[in-house]
Amino acid sequence: MNEEQERILNTLLNLIIPPSQDGKMPSAADVGFLVYVHNENHVSWIKEGLKSIGEESHYKYGREFLVLSDFEQAELIESLRRQLFQYFSRLTMEVINCYYQHDHVLEALGLEARPP
């Protein structure tokens with residue numbers, strides 16, 4: 001995964017699970033999802049989806065996804081949801097799996113951070 005793809009992924013992670021306003025719950029980008037992706041061998045399919053997002057950004061706006069406004073990024077992702085339904089469904093499921101295994105999240109929920 002190149003640097004641009006990692007930044008796009010972090011943007012997506014913050015859209016899927018943003019940090020709580022009170023700062024107690026981290027965002028999905030703050031829980032080591034990139035390490036999780038590599039450990040679970042999910043890199044190839046995630047890269048394909050990120051490539052599609054980058055291509056659509058250039059097609060629709062003539063710019064890289066990362067320079068789009070927050071509104072444009074959210075609008076682009078929303079417009080791709082039907083086309084990339086399986087991708088976003090699978091990504092969301094993997095984000096949830098990673099997020100709710102992270103020690104900081106478990107502690108913020110009042111649970112003991114330990115192996116199951």
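Hi everyone, let me start at the surface: E78 is partly exposed, with 44% relative accessible area. Keep in mind that this is a predicted model. The partner of E78 is R81, and their side chains form a salt bridge with N and O 3.0 Å apart. R81 is partly exposed too, at 43%.

How many salt bridges are there by this rule? The count is three. Let's visit the others.

In helix 1, R7 pairs with E3, again at 3.0 Å from N to O. These two sit four residues apart in that helix, which means about one helical turn lies between them. E3 is exposed, at 58% relative accessibility, while R7 comes out as partly exposed at 38%.

Then there is E72 with R63, where the closest N and O atoms are 2.7 Å apart. Is E72 buried or exposed? At 18% relative accessibility, E72 counts as buried, because the cut-off for buried is under 20%. R63, on the other hand, is partly exposed at 32%.

Now for the inside. In soluble globular proteins, nonpolar side chains tend to be buried together. Here, the largest nonpolar core holds 29 residues, and L12, F33, I46, I53, Y87 and L91 have the most contacts within it. Helices 1 through 5 each supply at least two residues of this core, and helix 5, spanning 85-99, gives the most, with six.

If you'd like one residue to click on, try I53. Leaving out residues up to four places away in sequence, I53 touches I8, L12, F65, L76, I77, L80, Y87 and F88. Two of those names, L12 and Y87, were also on the list of best-connected core residues.

Thanks, everyone!

Notes. Residues are numbered from 1 along each chain as its sequence is written. This is a predicted model: local features need pLDDT of at least 70, side-chain atom pairs count only at pLDDT 80 or more; totals for chains, interfaces and linings use all residues. Side-chain values use heavy atoms; hydrogens and water are left out. A nonpolar core is a set of buried Ala, Val, Leu, Ile, Met, Phe, Trp, Tyr and Cys residues joined through side-chain atoms within 4.5 Å. Buried means under 20% relative accessible area, exposed over 50%, partly exposed in between (1.4 Å probe, protein chains only). Contact means heavy atoms within 4.5 Å. A salt bridge is a side-chain nitrogen of Lys or Arg within 4 Å of a carboxyl oxygen of Asp or Glu.
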